Amino acid sequence: MASPPSLNGLTTAHLADACLRVGAPLRVGPPELRPLEAGMQVSGPARPVRHFGSVDVFLEAIEAAAPGEVLVVDNGRRTDEACIGDLIAHEAQLAGLAGLVVWGLHRDTTEIGALGVPLFSLGATPAGPQRLDARDEATFRSARVGDVVVHAGDVVHGDADGLIVVGAADAAVVVAAAESIRAAEHRQAAAMADGRSLRLQLGFADYLRRAAADPHYTLRRHLEEHGGAVEV
């Protein structure tokens, strides 16, 4: 499998806009999925695993994982137990994983924060699992995060705005579009810092005139013609 393209410097917003631009599926995690600490980011190919009450599945997933992957844990959005604690987070860190995403709760918040390992979850609880359910055949095949089903090799990227998942087959074209959007936004922001308004840069007055004459003329089309990066 080819290495995924680098996401250095790209935000989840860049990637979301890029998905819309190139027609790739927009797979965004639920807004309640948040980083453990402000400023935490996680990025890399997904290593999915489903939790059934015991940490052995996590150890198996980490054993099979490659450095740089993100452990994506499906605990069915349970709020009665934490499925990840500091020892598994530390084990993932020692194995070179890029971080963890948990569709559920974690515990040992202070210890995980001290490790500095990126962790996205629904929050924390001191209670650990009190069950042991049977595994299913998809234990290591996929993990659900909200409405998004994450498969091995999908590219996962999380920051202060949330989580986005890009399919491996779409990653290269999405990242290229995201880099183009970022460059255009940086140019526009620099021009605005010099006093040149966004409306002026985008020829917004011209857009209003053309839209008045042609109801099918959209701002998105206008932006494409003018090289704008504001996605609407």
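Contact here means heavy atoms within 4.5 Å. On that basis, among contacts in the protein between residues at least 6 apart in sequence, 68% join residues at least 24 apart. The model is a predicted one. It holds eight helices and 12 strands. Its C-alpha atoms fill a box of roughly 65 × 35 × 30 Å along the principal axes. Of the 232 residues, 46% count as buried.

Helix 1 spans residues 12-22. Its buried residues are Thr-12, His-14, Leu-15, Ala-16, Asp-17, Ala-18 and Cys-19. These residues pack against three elements: strand 11 (155-159), strand 12 (162-166) and helix 5 (171-193). Gly-23 follows the helix. The phi of Gly-23 is positive, near 85 degrees.

Two packed helices are described by the angle between their axes and the distance between the axes. For helix 1 and helix 5, the axes come within 8 Å and cross at roughly 115 degrees. Helix 1 is therefore roughly perpendicular to helix 5. The crossing of this pair is right-handed. On the helix 1 side, the contact is made by His-14, Leu-15, Asp-17, Ala-18, Cys-19, Arg-21 and Val-22. Helix 5 contributes Val-173, Val-174, Val-175, Ala-177, Ala-178, Ser-180, Ile-181, Arg-182 and Glu-185. By class, the contact of helix 1 with helix 5 has 10 nonpolar, two polar and four charged residues. His-14, Leu-15, Asp-17, Ala-18 and Cys-19 appear both among the buried residues of helix 1 and in its contact with helix 5.

A second helix pair lies further along the chain, formed by helix 7 (residues 204-213) and helix 8 (residues 219-226). The axes of helix 7 and helix 8 come within 10 Å and cross at roughly 135 degrees. That angle makes helix 7 oblique to helix 8. The crossing of helix 7 and helix 8 is right-handed. Helix 7 brings Phe-204, Asp-206, Tyr-207 and Arg-210 to the contact. These meet Leu-219, Arg-221, His-222, Glu-225 and His-226 of helix 8. By class, the contact of helix 7 with helix 8 has three nonpolar, two polar and four charged residues.

Charge pairing was examined next. Side chains of opposite charge can pair when their charged atoms come close. A search of the whole structure finds 11 salt bridges. One of them joins Arg-27 to Asp-154, with the closest N and O atoms 2.7 Å apart. Arg-27 lies in strand 1 (residues 27-28), and Asp-154 lies in the loop between strand 10 (148-151) and strand 11, so the pair ties together parts that are 127 residues apart in sequence. Both Arg-27 and Asp-154 are buried.

Glu-32 and Arg-77 also meet in a salt bridge, at 3.4 Å from N to O. Glu-32 sits in the loop between strand 1 and strand 2 (34-35), and Arg-77 sits in the loop between strand 4 (70-74) and strand 5 (82-84), so this pair ties together parts that are 45 residues apart in sequence. Partly exposed covers the range between 20% and 50% relative accessible area. Glu-32 has 33% relative accessibility, so it counts as partly exposed. Arg-77 has 40%, so it too counts as partly exposed.

A third salt bridge pairs the side chains of Glu-81 and Arg-131, at 2.8 Å from N to O. Glu-81 lies in the loop between strand 4 and strand 5, and Arg-131 in the loop between strand 8 (119-121) and strand 9 (142-145). The pair links distant parts of the chain, 50 residues apart. The cut-off for buried is under 20% relative accessible area. Glu-81 is buried, with a relative accessible area of 2%. Arg-131 counts as buried at 18%. Glu-81 and Arg-131 also belong to a network of salt bridges that links them with Arg-78, Asp-80 and Asp-133.

Thr-125 lies in the loop between strand 8 and strand 9, which also holds Arg-131. Thr-125 is buried, with a relative accessible area of 16%. Leaving aside residues up to four places away in sequence, Thr-125 touches Glu-81, Ala-82, Leu-105, His-106 and Arg-107. Glu-81 thus touches Thr-125 and forms a salt bridge with Arg-131.

Terms used: Residues are numbered from 1 along each chain as its sequence is written. This is a predicted model: local features need pLDDT of at least 70, side-chain atom pairs count only at pLDDT 80 or more; totals for chains, interfaces and linings use all residues. Side-chain values use heavy atoms; hydrogens and water are left out. Buried means under 20% relative accessible area, exposed over 50%, partly exposed in between (1.4 Å probe, protein chains only). Helices (H or I, at least four residues) and strands (E, at least two) are DSSP runs, numbered from the N terminus. Axes are lines fitted to C-alpha atoms, for helices over the stretch in contact, and angles run from 0 to 180 degrees between N-to-C directions. Angles under 35 degrees count as roughly parallel, over 145 as roughly antiparallel, 65 to 115 as roughly perpendicular and the rest as oblique. A crossing is left-handed if the near helix is turned anticlockwise from the far one by less than a right angle, and right-handed if clockwise. Ala, Val, Leu, Ile, Met, Phe, Trp, Tyr, Cys and Pro count as nonpolar, Asp, Glu, Lys and Arg as charged, and the others, Gly among them, as polar. A salt bridge is a side-chain nitrogen of Lys or Arg within 4 Å of a carboxyl oxygen of Asp or Glu.
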